[in-house]
Amino acid sequence: MGGVAFLAFGLVGFVLLSREPARPKLPPAKPQAVRTRVLAVQPRDFPVVLRAQGVVRAREEITLSAQVSGRVARLSEQFEDGSFFAVNEVLLELEDEDYRTAIAMAEARLRSAEAARQLALLSHRRNEGLLKDRLLPEAQAEVTEATLAQAQADVNSAAAQLERARRDLERTRIRAPFNGCVRRRTAGPGLLVGPGTPLGSIFAVDEAEVRLPVAVRDLRLLELPDQVRRISVSGNPGYWGGGLLLPWPSEPVAEVTFADALDPAAAIRRQGFVVRTEGALDENSLDALLVVRVPDPFGLDSAQPALRPGHPVTGLVSGRVLTNVIVLPRVAVRELDRVHFVHREKLTLTSRRITPIWSDEESVIVSADSVPAGHLLATTHLVYAPEGAKVEIIPEIPAVSASTNAVPAGTNGVPTGGRTP
């Protein structure tokens with residue numbers, strides 16, 4: 001019995017000693033404030049600038065070919081790959097002895113035909129006098145009249161042949177149709193060529209063109225030239241009423257600044273103008289294509305850096321000025337269309353979804369009523385952002401210079417994490 005009592009006493013003691021003592025209840029934890037930097041935003045005007053990639057190409061590029069047959073006799077020093085030439089400059093000459101002989105033969109035929117016409121004219125006038133005196137049958141007078149007409153036709157034919165022979169002689173000298181540059185020469189001295197034989201490819205250097213893809217929704221933000229006029233079906237211009245729509249040339253409006261896409265630090269900064277938009281969308285991207293014309297692309301008259309055909313460039317297209325809008329930094333936008341605001345007085349957090357008017361890599365443009373009155377924009381990435389949470393504003397770190405971080409007007413002394421755009 002003594003052993004059983006000892007075990008019972010030990011069990012009761014173990015239970016009492018293993019029981020956890022009661023702890024006092026702690027007060028509920030105070031909610032932790034959300035820390036963020038803020039930015040005071042105000043409505044202002046914002047000039048839209050669209051960025052697009054394109055490739056420079058010549059406005060005019062053709063394959064130079066011969067119109068007559070002959071052997072290449074001489075090549076101009078300017079008819080070499082990469083050489084520049086002026087309009088009407090002779091680039092290539094063919095042997096012309098046969099064509100000069102053809103001119104001499106045509107001139108002889110013309111003199112012979114003119115002599116035959118003179119003889120027929122004298123005979124016709126003599127027969128007309130005899131016919132008046134009734135000394136010649138009328139049928140014989142009609143024969144001389146027909147002979148005169150035939151002689152006149154021979155003169156006209158000989159004159160046309162002479163004109164053609166002269167044109168053929170002129171065609172032995174291949175002239176430049178515009179101020180340009182030789183892309184590639186394919187003909188050499190002694191080559192026997194015929195009509196249509198390609199001699200080389202050339203392109204114009206007075207102007208170049210760049211096609212820039214722009215989203216269709218962004219066209220409304222650009223000042224584009226008016227390309228359309230109406231004509232009646234008969235072809236008479238008619239600006240009102242029914243008719244066909246045809247391209248109408250107009251003055252360029254939108255300005256474009258180009259930079260080197262291969263080397264952004266390069267000194268290429270050229271100006272161009274949008275002259276038209278292509279009638280069809282790009283099949284792959286469904287973008288509209290702006291045709292931008294660049295004067296003097298090689299800098300021959302202006303000594304500017306050259307924009308050669310095939311050079312990729314970045315075009316900055318100047319658009320409309322958006323008035324009374326809010327410019328939000330892109331870093332402040334979450335989930336594509338959500339931003340957080342901080343009440344100036346209460347320092348509480350609220351979120352709102354926005355509808356952008358336009359955006360680029362750095363900014364998102366919204367209407368002025370997108371920002372609630374009396375609020376600052378939160379610019380810090382917030383992982384936890386409950387509605388109505390208290391906010392602790394992170395002060396701006398002062399710069400090394402002597403300048404101080406000024407408090408924006410209207411913030412009631414609350415420091416912000418940025419500047420008013």
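This passage describes the strands, salt bridges and surface features of a predicted model.

The chain has three helices and 24 strands. Of its 421 residues, 35% count as buried. The accessible surface comes to about 26,000 Å², and carbon and sulfur atoms contribute 55% of that area. Contacts between residues 24 or more positions apart make up 74% of the contacts in the chain with a separation of 6 or more.

The strand pairings offer a good place to begin. An open sheet is formed by four strands in the order β2-β23-β19-β20, with antiparallel pairing. Its edge strands are β2 (38-39) and β20 (349-353), each of which pairs on one side only. Within this sheet, β19 (residues 338-343) and β20 are joined in the antiparallel sense by five bridges. Val342 has Leu349 of β20 as its bridge partner. Strands of a sheet pair through backbone hydrogen bonds, in either a parallel or an antiparallel manner.

Strand β5 (residues 70-75) takes part in two pairings that can be followed residue by residue. With β10 (residues 192-193), strand β5 runs antiparallel and shares two bridges; here Gly70 is matched with Val193 of β10. With β7 (residues 90-94), strand β5 pairs over three bridges, again in the antiparallel sense, and Arg74 has Glu93 of β7 as its bridge partner.

Strand β9 (residues 180-185) likewise takes part in two pairings. Two bridges connect β9 to β6 (residues 84-85), and these strands run antiparallel. Phe84 stands opposite Cys181 of β9. Five bridges then join β9 to β11 (residues 198-204), also in the antiparallel sense, with Val182 opposite Ile202 of β11.

Turning to charged side chains, the structure holds 20 salt bridges. One of them brings together Glu209 and Arg276, with an N to O distance of 3.7 Å. This pair links distant parts of the chain, since Glu209 belongs to strand β12 (residues 207-214) and Arg276 to strand β16, 67 residues apart. The two partners can also be described by their accessibility: Glu209 is buried, because its relative accessible area is 3%, whereas Arg276 counts as partly exposed at 28%.

A salt bridge also joins the side chains of Arg211 and Glu278, at 2.4 Å from N to O. Arg211 lies in strand β12 and Glu278 in the loop between β16 and β17, so this contact ties together parts of the chain that are 67 residues apart in sequence. Glu278 is partly exposed, with a relative accessible area of 28%. The residues of both pairs, Glu209, Arg276, Arg211 and Glu278, belong to a network of salt bridges that includes Arg59, Glu60, Glu207 and Arg293 as well.

A further salt bridge returns the reader to the edge strand β20. The side chains of Glu335 and Arg353 meet at 3.5 Å, N to O. Because Glu335 sits in the loop between β18 (312-329) and β19 while Arg353 sits in strand β20, the pair ties together parts that are 18 residues apart in sequence. Glu335 counts as exposed, because its relative accessibility is 57% and the cut-off for exposed is over 50%. Arg353, with a relative accessible area of 46%, is partly exposed.

The loop between β16 (269-277) and β17 (288-295) holds two more residues worth a look, Leu281 and Asp287. Leu281 joins Val216 and Leu286 in a nonpolar patch on the surface, and together the three have about 280 Å² of accessible area. Leu281 is itself partly exposed, with a relative accessible area of 45%; patch members are required to have over 30%, so Leu281 passes that cut-off.

Asp287 presents another picture: this residue is buried yet has no salt bridge. The nearest side chain of opposite charge is that of Arg217, 6.6 Å away. A salt bridge calls for a nitrogen within 4 Å of a carboxyl oxygen. Beyond its neighbours within four places in sequence, Asp287 is in contact with Pro213, Val214, Ala215, Leu281 and Asp282. Leu281 thus appears both in the nonpolar patch and among the contacts of Asp287.

Technical notes
Residues are numbered from 1 along each chain as its sequence is written. This is a predicted model: local features need pLDDT of at least 70, side-chain atom pairs count only at pLDDT 80 or more; totals for chains, interfaces and linings use all residues. Side-chain values use heavy atoms; hydrogens and water are left out. Patches are made of residues with over 30% relative accessible area and no salt bridge: like charges are joined within 9 Å, nonpolar side chains (Val, Leu, Ile, Met, Phe, Trp, Tyr) within 5 Å. Accessible areas come from the Shrake-Rupley method with a 1.4 Å probe; for residues, only the protein chains shown count as cover. Buried means under 20% relative accessible area, exposed over 50%, partly exposed in between (1.4 Å probe, protein chains only). Two strands pair if DSSP finds at least two bridges between them. Contact means heavy atoms within 4.5 Å. Lys and Arg count as positive and Asp and Glu as negative; His and the chain ends are not counted.
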